[in-house]
Amino acid sequence: MILLEFNSLVLAETINQRLQKDGAKSYTHVVLCDFDGCTYDVTTVESNKTALIISISWPAFQNLKAFGVENRLKTIYGPLVVAPAAGFDFSLQIDTANPPAKAEEVVKNISLLKRHAFASVFHAAFEALDGKGSVPDLITIPYRRSEALYIKKTDGNRVIVIFSMNFQDKDDIIYSDVFLKELQDTRKQISSAPPVLYSLREPPLEIANVQGVARGEGQGYVSFVIASGAAGSARREQTIDNIMLFRNYLMYHIKCSKAYMHTRMRSRTEALLQVLNRAKMKEKDAEKKTMTGRTFTKK
């Protein structure tokens with residue numbers, strides 16, 4: 001099983017390339033775009049080209065402000081935080097002439113900027129589960145176009161995390177159905193695994209009456225029931241990582257499965273063509289004669 005990275009590798013590579021220039025005073029401006037609408041901007045300041053500004057713009061960021069995303073990022077990044085650049089939600093600054101100690105760790109942590117921002121809503125929900133703070137009964141985060149994340153409080157010591165996903169390809173629905181049924185059956189073998197529920201077209205009862213929930217032929221809903229044990233401080237970070245990466249993990253394996261099927265079909269077609277070519281009968285040249293009995297030879 002292949003696990004995806006939690007950080008943005010291309011962002012880390014871009015920053016490292018700049019730091020390896022030993023604080024060169026050349027102008028830099030790189031824009032990086034993710035498929036979920038998130039945009040990173042890496043640029044130098046006109047007045048001080050050794051100051052490298054890393055900014056993030058993400059449509060979901062505005063919804064995360066209600067759950068303390070800015071305070072959380074300031075706690076994580078400390079003195080690197082600066083005022084947001086124009087048109088962006090959050091910005092960090094590195095002095096390339098005097099890079100911070102343990103620069104590799106700092107760069108990797110910066111590449112986790114979106115992860116730390118998205119994690120704020122889970123921290124708020126899980127802390128409320130422990131009685132430390134309060135959150136609405138239903139949290140809605142539209143983190144992608146036509147897709148959203150819902151976190152529903154229950155009466156007990158659990159929260160329900162619901163992914164609303166849009167499948168643009170009909171084949172993806174079939175692959176996801178097989179994949180998620182296997183995920184549901186995993187609980188029969190691993191009792192500590194969280195319950196997983198999956199439905200198509202119609203949303204689950206927890207969000208059935210919520211206004212604005214996407215519906216349709218290509219809409220799927222996956223629900224995870226997270227107990228207080230998995231949301232506790234000891235396992236919280238790992239639980240958040242696994243939940244946030246689920247959507248990308250599912251889509252990645254759907255694409256890999258389709259690529260594997262296409263490869264097998266091409267291989268099978270080539271094998272069948274070879275069999276057909278071997279089965280062809282070679283036609284022998286028939287002897288042709290004239291009316292008088294002489295053999296006819298074409299020159």
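Q: Over how many bridges do β6 and strand β7 pair in this predicted model?
A: Strand β7 covers residues 147-153, and one pair within the ladder sets Thr140 opposite its bridge partner Tyr150 in β7. The two strands run in the antiparallel sense, and the number of bridges between β6 and β7 is 5.

Q: Which residue in the turn of the β6 and β7 hairpin has a positive phi?
A: The hairpin formed by β6 and β7 leaves 2 residues between the strands. In that turn a positive phi of about 65 degrees belongs to Ser146.

Q: Which strands are the edge strands of the open sheet that has the order β6-β7-β8-β10-β9?
A: This open sheet holds 5 strands with antiparallel pairing, and its neighbouring strands are turned against each other by 15 degrees on average, direction ignored. An edge strand here pairs on one side only, and the strands for which this holds are β6 and β9 (196-200).

Q: What is the bridge partner of Ile162 in β10?
A: Strand β8, residues 158-166, pairs with β10 in the antiparallel sense over 9 bridges. Within β10, the bridge partner of Ile162 is Ser223.

Q: At about what angle to β9 does α6 run?
A: Helix α6 spans residues 170-189 and lies across two strands of the sheet, β9 and β10. Relative to β9, the helix α6 runs at about 155 degrees.

Q: What is the handedness of the crossing of α6 and α9?
A: The axes of helix α6 and helix α9 (residues 246-279) come within 10 Å and cross at roughly 115 degrees. The handedness of this crossing of α6 and α9 is right-handed.

Q: How many nonpolar residues does the contact of α6 with α9 have?
A: Helix α6 contributes residues including Tyr175, Phe179, Leu180 and Leu183, while α9 contributes, among them, Phe246, Tyr249, Leu250, Ile254 and Met261. The contact also takes in Asp171 and Asp172 of α6 and Lys255 and Lys258 of α9. By class, the contact of α6 with α9 has 3 polar and 4 charged residues, and its number of nonpolar residues is 9.

Q: Which element gives the most to the lining of the largest pocket?
A: About 1,000 Å³ of space lies in this pocket, and of its 31 lining residues the closest to the centre are Leu183, Ala193, Pro194, Phe224 and Asn242. Two or more lining residues come from each of α6, β10 (219-227), α7 (228-231), α8 (236-244) and α9. By class, the lining has 20 nonpolar, 8 polar and 3 charged residues. With 5 residues, the element that gives the most to the lining is α6.

Q: How many charged residues are in the lining of the second largest pocket?
A: The second largest pocket holds about 820 Å³ of space, and of the 25 residues that line it Glu5, Asp34, Lys114, Leu245 and Asn248 lie nearest its centre. The elements giving two or more residues to this lining are α1 (9-19), α5 (113-129), β6 (138-144) and α9. Its residues divide into 14 nonpolar and 4 polar, and the number that are charged is 7.

Q: Which residue in β5 stands opposite Val82?
A: A further open sheet of 5 strands has the order β1-β2-β3-β5-β4, with antiparallel pairing, and its edge strands are β1 (29-33) and β4 (81-82). Strand β4 is joined by 2 bridges to the antiparallel strand β5, residues 90-95. Opposite Val82, the residue that stands in β5 is Ser91.

Definitions and conventions. Residues are numbered from 1 along each chain as its sequence is written. This is a predicted model: local features need pLDDT of at least 70, side-chain atom pairs count only at pLDDT 80 or more; totals for chains, interfaces and linings use all residues. Side-chain values use heavy atoms; hydrogens and water are left out. Axes are lines fitted to C-alpha atoms, for helices over the stretch in contact, and angles run from 0 to 180 degrees between N-to-C directions. Helices (H or I, at least four residues) and strands (E, at least two) are DSSP runs, numbered from the N terminus. A crossing is left-handed if the near helix is turned anticlockwise from the far one by less than a right angle, and right-handed if clockwise. Contact means heavy atoms within 4.5 Å. Ala, Val, Leu, Ile, Met, Phe, Trp, Tyr, Cys and Pro count as nonpolar, Asp, Glu, Lys and Arg as charged, and the others, Gly among them, as polar. On a 1 Å grid over the protein atoms alone, a cavity is a set of points where a 1.4 Å probe fits but cannot get out, and a pocket is an open set with protein on both sides within 12 Å along at least five of seven lines; lining residues have an atom within 4 Å of a point. Grid points are joined across faces, edges and corners, and a volume is the space filled by probe spheres set on the points. Two strands pair if DSSP finds at least two bridges between them.
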